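Please write a short report on this model for a colleague in computational chemistry. Keep it brisk, and cover the pocket, the cysteines and the local packing.

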Amino acid sequence: MNRHKKDLPLGRRVGFAAEYSPDALRAISRDDQRRAVEMKNIHPFIGEDVWNCYEFSWMGNEYRPCAAILRVVVPCESKNMVESKSLKLYLNSFAQTTFADEQEVIERLKTDVSEICGVPVGILLMNIDNESGVQELTGDCLDQLAVRIETFQPDTTILIPEDEARSGSVFSHLFRSICPVTGQPDHATIAIAYEGGGVQHESLLTYLVSYREYAGFHEHVVERIYRDLMEVASFTKLSVEGHFLRRGGIDINPFRATHPRTRPFSRATRQ
């Protein structure tokens, strides 16, 4: 079976596999998403997509179920993204399959997801009782600023650059976009850190809220925000991170930046 076919399960009724089924995985081309908004001409970025999967289990010895929080880290330079519902179907296929130990589970996951994405991915199984990973966001919350919202499609002209170069961190819990396949809302906290440029905070909040009726995958949306900020302010340093709320037991956290992370990944409180 060609697992790169665009017969995506998202938005369709699909049955769960009773046993381990790597053929459930489907790929989405990053280039297709980036071409849609001319992403290839922007300032180069680095980053990754961090997927936290909270409904993952498998069978251990003597048919004893095991469970863990699964974290998958996909580099942003990968050829493909993994389609979210196909990942859920794939992970559910582990539930009634017996594995010798955690290392075998990790190796299967790493092999299958890396093949779909086109690059090696990171796989981590985390103890449910010991891993919260939640930290308070740093910087200024934009959500109480007095703004007038007049459009719900993103527009770079909303952003107002400041003459003075600044550095800082801001975030908003008010972000919402739309799944391009199902039309369902995707809520997120967006965190932005920057140096060597400036954008008026009121205009930045207005811009972020304008995505409420915009259809795009999580990764695509974060890259568009990064692109638009760079075009307006030409920051010397910039990072944009989306903490999207979980759907189907999975939250997705794209991170795009001019530089590597300066602090370990952490989840937003409401995730």
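## An exposed loop

At 80% relative accessibility, E62 counts as exposed, because exposed means over 50%. This is a predicted model, and the values below are computed from it. E62 sits in the loop between β2 and β3. Its backbone deserves a look: phi of E62 is near 60°, a positive value in a residue other than glycine.

Y63 lies in the loop between β2 and β3 as well. Y63 is not a glycine either, yet its phi is positive, at about 55°. At 66% relative accessibility, Y63 also counts as exposed.

## Helix α2 and its surroundings

Which residues of helix α2 are buried? In this helix, residues 84–92, they are S86, L87, L89, Y90 and L91. The buried residues of α2 pack against several elements. Among them are the strands β2 (46–59), β3 (65–75) and β4 (80–82). Helix α3 (102–117) and strand β10 (250–257) are also packed against them.

The start of α2 has a contact of its own. There, a side-chain oxygen of E83 comes to within 2.9 Å of the backbone nitrogen of K85.

Y90 ties α2 to α3 through a side chain. D112 is found in helix α3. The side chains of D112 and Y90 make a polar contact at 2.7 Å. D112 is a charged residue, and at 7% relative accessibility it counts as buried.

The segment before β1 (27–29) meets this helix too. A24 lies in that segment. Not counting residues up to four places away in sequence, A24 touches S86, L89 and Y90. The C-alpha atoms of A24 and S93 are 8.6 Å apart, although 69 residues separate the two along the chain. At 18% relative accessibility, A24 counts as buried, because the cut-off is under 20%.

S21 is placed in the segment before β1 as well. With its neighbours within four places in sequence left aside, S21 is in contact with Y90 and S93. S21 has 19% relative accessibility and counts as buried. Y90 therefore appears among the contacts of A24, of S21 and of D112.

## Helix α4

S203 lies in helix α4, residues 201–209. At 4% relative accessibility, S203 counts as buried. Leaving aside neighbours within four places in sequence, S203 is in contact with I158, L159 and I160. The C-alpha atoms of S203 and T157 are separated by 9.4 Å, with their positions 46 residues apart along the chain.

## Cysteines

How many disulfides does the structure hold? The number is zero. C76 is in no disulfide, and the nearest cysteine sulfur, that of C117, is 12 Å away. The closest cysteine sulfur to that of C179 is in C53, at 17 Å, which is too far for a bond because a disulfide needs sulfur atoms within 2.5 Å. Both C76, at 3% relative accessibility, and C179, at 6%, count as buried.

The residues discussed so far with a burial value are gathered here.

| Residue | Relative accessibility | Class |
|---|---|---|
| C76 | 3% | buried |
| S203 | 4% | buried |
| C179 | 6% | buried |
| D112 | 7% | buried |
| A24 | 18% | buried |
| S21 | 19% | buried |
| Y63 | 66% | exposed |
| E62 | 80% | exposed |

## The largest pocket

What is the volume of the largest pocket? It is about 470 Å³. The pocket is lined by 25 residues. T138, A193, S239, T262 and R263 lie nearest its centre. Three elements give two or more residues to this lining: β7 (161–178), β8 (185–199) and β9 (237–244). The largest share comes from β9, with six residues.

Which kinds of residue make up the lining? Of its residues, 12 are nonpolar, seven are polar and six are charged.

Note on methods:
Residues numbered from 1 in each chain as written. Predicted model: local features only at pLDDT ≥ 70, side-chain atom pairs only at ≥ 80, totals over all residues. Heavy atoms only, no water. 1 Å grid on protein atoms, 1.4 Å probe; cavity = no way out; pocket = protein on both sides within 12 Å on 5 of 7 lines; lining within 4 Å. Points joined across faces, edges and corners; volume = space filled by probe spheres on them. Helix = DSSP H or I, 4+ residues; strand = E, 2+ residues; numbered from the N terminus. Buried < 20%, exposed > 50% of the residue type's maximum accessible area, 1.4 Å probe, protein only. Contact = heavy atoms within 4.5 Å. Polar contact = N/O pair within 3.5 Å; in protein donor to acceptor, adjacent residues only side chain to side chain.
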